[in-house]
Amino acid sequence: MALAVSILLLVLLTNVLGWIGHAVLLDTAYAFYARLFLSTLVKEQNQLKSSIFETKHEMAQMSAQDEFAKWAKLRRKHDKAISDLEKLNARLSASKSGFSTRFNSLVWIATTGAQFFLVWWYRREPVFYLPSGWFGPFTWFLSLPSAPSGSISGAVWQMACQRVVGMGERLVKDLMEPIPEQAEAVPKADSKAKTS
């Protein structure tokens with residue numbers, strides 16, 4: 001019975017992660033990762049952004065023709081800050097790309113890979129036995145690939161769990177969907193009455 005529950009929980013976990021959405025999970029996990037390990041880079045990025053904004057504001061306050069030397073100095077400071085920000089953004093982008101690859105691998109191993117492994121490892125173990133005669137000659141199909149005849153194999157149990165969880169998802173979505181209001185049928189005037 002523990003095998004049946006393990007397979008069901010893995011299928012349920014996989015579907016729940018699918019319902020939440022991969023992009024949402026990735027963004028949430030990356031925000032947590034960045035807060036823990038990249039806080040200095042993020043602080044530096046925020047400081048550069050505020051410095052660029054302040055420099056741009058100062059440049060807008062003065063005339064480039066009247067105070068050219070001061071304006072040119074601010075312009076060089078602004079350009080250097082923009083260049084530094086682009087480099088920092090490239091580092092953060094590379095960090096997010098690497099994190100995305102590792103996160104995708106971890107999610108795949110924890111869900112799909114774990115399902116494959118569990119079904120493969122227990123391929124000869126029955127999840128449970130069926131009463132004899134329930135499915136007649138088709139009982140061999142339910143024990144594929146290697147479970148004893150007359151039993152439900154892990155692979156068949158996994159397919160059944162996926163089917164039931166998928167049906168449950170559709171049921172919940174249908175229940176959560178608003179019911180469209182039915183338009184009142186307006187009786188059409190008789191065309192003969194108009195012509196006479």
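**Note on the predicted protein chain**

1. Q45 counts as buried, at 13% relative accessibility. The cut-off for buried is under 20% relative accessible area, so 13% qualifies. Note that the model is predicted.

2. Where does Q45 lie? Q45 is placed in helix α3, which covers residues 39-61. Setting aside residues up to four places away in sequence, Q45 touches L85, L88, N89 and L92. Helix α4 spans residues 68-121. That range includes all four of these partners of Q45. A check of this site can start from Q45 and those contacts.

3. The overall make-up comes next. The protein chain has seven helices and two strands. Read from the N terminus, the order is α-α-α-α-β-α-β-α-α. The radius of gyration is 32 Å, well over the 16 Å that the globule rule gives for 196 residues, so the protein chain is more spread out than a compact globule. The C-alpha trace spans about 100 × 85 × 20 Å along its principal axes.

4. Burial and surface can be read together. Of the 196 residues in the protein chain, 26% count as buried. The exposed area of the chain is about 14,700 Å². Carbon and sulfur atoms supply 64% of that area.

5. What share of the contacts joins residues at least 24 apart? Take the contacts between residues at least 6 apart in sequence: 64% of them join residues at least 24 apart.

6. Now the charges. The protein chain carries 22 positive and 16 negative charges. The mean positions of the two sets are 7 Å apart. The salt-bridge count comes to four. Among them are the pairs in the next three points.

7. D27 pairs with K96, and the closest N and O atoms are 3.6 Å apart. D27 lies in helix α2 (residues 22-37) and K96 in helix α4 (residues 68-121), so this salt bridge ties together parts that are 69 residues apart in sequence. The salt-bridge limit is 4 Å, so the 3.6 Å contact of D27 and K96 falls within it. D27 is partly exposed, at 41% relative accessibility. K96 is also partly exposed, with a relative accessible area of 32%.

8. K80 and D84 form a salt bridge as well, with 3.1 Å between the closest N and O atoms. Both residues lie in helix α4. They are four residues apart, about one turn of the helix. Is K80 exposed or buried? K80 is exposed, with a relative accessible area of 53%. D84 is partly exposed, with a relative accessible area of 25%.

9. K173 and E169 form a salt bridge too, with the closest N and O atoms 3.0 Å apart. Both lie in helix α6, residues 154-176. Because K173 and E169 are four residues apart in that helix, about one helical turn separates them.

10. S153 deserves a look. S153 lies in the loop between β2 (151-152) and α6. S153 is buried, with a relative accessible area of 0%. Which residues does S153 touch, not counting residues up to four places away in sequence? The contacts are V127, L142, S143, L144, P145 and A147.

11. To sum up: the predicted chain is more spread out than a compact globule, and 26% of its residues count as buried. Q45 and S153 count as buried.

Key
Residues are numbered from 1 along each chain as its sequence is written. This is a predicted model: local features need pLDDT of at least 70, side-chain atom pairs count only at pLDDT 80 or more; totals for chains, interfaces and linings use all residues. Side-chain values use heavy atoms; hydrogens and water are left out. The radius of gyration is taken over C-alpha atoms; the globule rule is 2.2 Å times the number of residues to the power 0.38. Buried means under 20% relative accessible area, exposed over 50%, partly exposed in between (1.4 Å probe, protein chains only). Contact means heavy atoms within 4.5 Å. Accessible areas come from the Shrake-Rupley method with a 1.4 Å probe; for residues, only the protein chains shown count as cover. Lys and Arg count as positive and Asp and Glu as negative; His and the chain ends are not counted. The place of a charge is taken as NZ of Lys, CZ of Arg, CG of Asp or CD of Glu. A salt bridge is a side-chain nitrogen of Lys or Arg within 4 Å of a carboxyl oxygen of Asp or Glu.
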